[in-house]
Amino acid sequence: MAAPSVPLTNFVTVNNDRYFANHPTVTLIEKCSNSRQLKQIHAQMLRCGLFFDPFSASKLVQSYALSELSSLDYAYKVFDQIPQPNLYSWNILIRASASSPQPINCLLMFIRLLHVGGEKPNKFTYPFVIKASAKLDDFQLGKGIHGMVIKEGFSSDLFVSNCLIYFYAECGCLDMARRVFSSMPERDIVSWNTMINGLAQNGYVDEAVECFHRMEEEGLKPNDVTMVGVLSACGKKSDVKFGRWVHSYIETNRIRLSLILCNAILDMYTKCGSMKDAKKLFDNMVEKDIISWTTMLAGYAKSGDFNAARVLFDKLPSKEDIATWNALISAYEQSGNPNEAITVFNELQLSKASKPDEVTLVSTLSACSQLGATEFGSWIHVYMKKEGMRLNRHLVTALVDMYSKCGDLHKALEVFNSVDKRDVFVWSAMIAGLGMHGRGGDAIELFLKMQEAKVKPSSVTFTNLLAACSHSGLVEEGREFFVQMEQNYKIAPGVEHYACMVDILGRAGLLEDAVDLIKNMPMAPGASVWGALLGACKLHRNVDLAEYACNSLLEIEPQNHGAYVLLSNIYANLGKWDKVSELRKRMRDVGLKKEPGCSSVEVNGVVHEFLVGDSRHPLCKKIYSKLDEVAARLKHVGYVSDKSQLLQLVKEEDMQEKALYLHSERLALAFGLITLGPSQPIRIVKNLRVCEDCHSVIKLVSKLYDREIVLRDRYRFHHFRGGSCSCMDYW
């Protein structure tokens, strides 16, 4: 949301003597076409004494600070040479500093004015100081400035009030924004637009629409800025019907269809999922910019039409703007297509059309996280260092997340410890990393260090902390943190926190406690809560409770194939094959299919994927030969397969063993044994929970072949070494 504008032409010069206003040298200032000419005039003003006239000097400062020839640093130097700068000169520098990349300088100039200026700030000073406070996102500072505004009697000024609404909306304090808006003796179009946009941006979409209708009732005609705010609310509501009405309203009332407004309509249609409307508008747009193209790209990707997204990308008139690449990469990554995201990143590198920025790298690192592509993720890390990129919180969080999810916890900790400033996102990512690797105690210790560092935990921090307790069987610690959330940190537990607690209790076999917790939830249990209970029922083979949890889950998400599969697995483990058949028939009747098991392993930067019983790989014969070798060595040391892990009715014993033998993680393991050197860890990523028999096999293989094996399944990491697993068989 743009800050309300305050016209500089309204500024009043304290020194009213404009005797030299029409002096030939002063009038030349506005005619300068380059900084060299401006400096020549500066020199002439010093020679003839004009520079010591406050009005003349202020015109020079204005030209340096605000014109097309602006050089703010030089403007400061000029200002410091003025013996007695007038308030107009102070206001010029305060305004220019507020719009600069370092708005803190605006506040420093304001403080300097208060102490040595000799004049008090006026109603033209405060709007820019408030704007700088908004850019700094400093609520306490802005609140203090608001107090000064009231004390100096400017609280009823239209421009000052508009800027205060903007400030409070930017800081997310809508109560104060509403209070300022309601107390205004007069409001203009900027007042209404700032309020509507503030409400929409902060998620108060219904109130934003209501504010728009109130504005109409008061007889004020909306403009293109008003409609951008209303359209933003429509997009967040995903109300395409109302969105179409707004589009029609714009055309009927002949509101100027600026490029910004056209892009806002386009964005609304894509967010509402109406790509047909979006395409029609896009095709008819006379003028398009990079935002138009990226909005359409993101819209196609969100709707799952990646072919259309790719076709549109290939039609781009220019691919020099990195934003277009980012739109396609992030679209693939966010929709669970990490391979395609990395392919587009490689295409970008080869084309050299544009240079990756922070957004590109964060999205690509996230794709690496999904795939478990450690080598490629490490290459990106090296690329950052070579390019001299500063590791900000987004990149640090992405790197910690990538290394953690790729199984290299040592590197994740190395990145975490390499930065001095860590915000809540970085701390939360590292806590999550430790948790998923079964190091719950270390996750708790890190949380305590976070408290020592005075970083306030978020809702996500507690989700990660509770998940860490779950993976490590830390029941009492989990209970304690769950209580502390609200008592100590004023964070009310949400559905995900309850799901974590159900998981903690359920894994520990405390199923009755888990059910009691669900019954006493202050909100309706979500799918994640019932899913956690269902998973615990599978672990402890409680059929009756599993059926109850499954039915409750399917009431919320009728198309959740995972619920059917989990209950089917429970029936299969207990040999209830008639129930398995019945459940699978129900799945077929509603058109659901079981998600196939898929495992991948990265070798020399290439990710190789395997399905159950896969025979597509070029090294297929060698893989199955290695599997035979592994099976023989396992049999020699007395290994007997766990037939209870069979999820299909197979009567012949040799076929039972073969069914387990063909699991995707075993194919990935065999491939890793063939292609990776003895000193290289074998890192496997599986999309489902690893079965108990495969878990036992990989433990034995790690000992028999003296290999380090890292397996990431759907829920956590397993580090196998010397015949044991980091999970201590608790998963």
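The legends below describe close-up views of a predicted model.

**View 1. Surroundings of Tyr76 in helix 4.** Helix 4 spans residues 72-81 and includes Tyr76. The relative accessible area of Tyr76 is 16%, under the 20% limit, so this residue counts as buried. Apart from neighbours within four places in sequence, Tyr76 is in contact with Leu93, Ser97, Asn105 and Met109. Leu93 lies 17 residues from Tyr76 along the chain, and the C-alpha atoms of these two residues are 7.5 Å apart.

**View 2. Nonpolar surface patch with Leu108.** Ile104, Leu108, Ile111 and Leu136 make a nonpolar patch of about 320 Å² on the surface. Leu108 belongs to helix 6, which runs over residues 104-116. Leu108 is classed as partly exposed because its relative accessibility is 49%, a value between the limits of 20% and 50%.

**View 3. Open sheet of six strands.** The strand order is 2-1-3-4-5-6, and the pairing is mixed. Strand 2 (606-611) and strand 6 (724-725) form the edges, each pairing on one side only. Helix 38, made of residues 692-704, packs on the sheet and touches strand 4 (709-712), strand 5 (717-721) and strand 6. The directions of helix 38 and strand 5 make an angle of about 35°.

**View 4. Pairing of strand 1 with strand 2.** Strands of a sheet pair through backbone hydrogen bonds, in a parallel or an antiparallel sense. Strand 1, residues 598-603, is antiparallel to strand 2, and six bridges join the pair. Within this pairing, Val603 stands opposite Val606 of strand 2.

Methods
Residues are numbered from 1 along each chain as its sequence is written. This is a predicted model: local features need pLDDT of at least 70, side-chain atom pairs count only at pLDDT 80 or more; totals for chains, interfaces and linings use all residues. Side-chain values use heavy atoms; hydrogens and water are left out. Patches are made of residues with over 30% relative accessible area and no salt bridge: like charges are joined within 9 Å, nonpolar side chains (Val, Leu, Ile, Met, Phe, Trp, Tyr) within 5 Å. Accessible areas come from the Shrake-Rupley method with a 1.4 Å probe; for residues, only the protein chains shown count as cover. A salt bridge is a side-chain nitrogen of Lys or Arg within 4 Å of a carboxyl oxygen of Asp or Glu. Helices (H or I, at least four residues) and strands (E, at least two) are DSSP runs, numbered from the N terminus. Buried means under 20% relative accessible area, exposed over 50%, partly exposed in between (1.4 Å probe, protein chains only). Two strands pair if DSSP finds at least two bridges between them. Contact means heavy atoms within 4.5 Å. Axes are lines fitted to C-alpha atoms, for helices over the stretch in contact, and angles run from 0 to 180 degrees between N-to-C directions.
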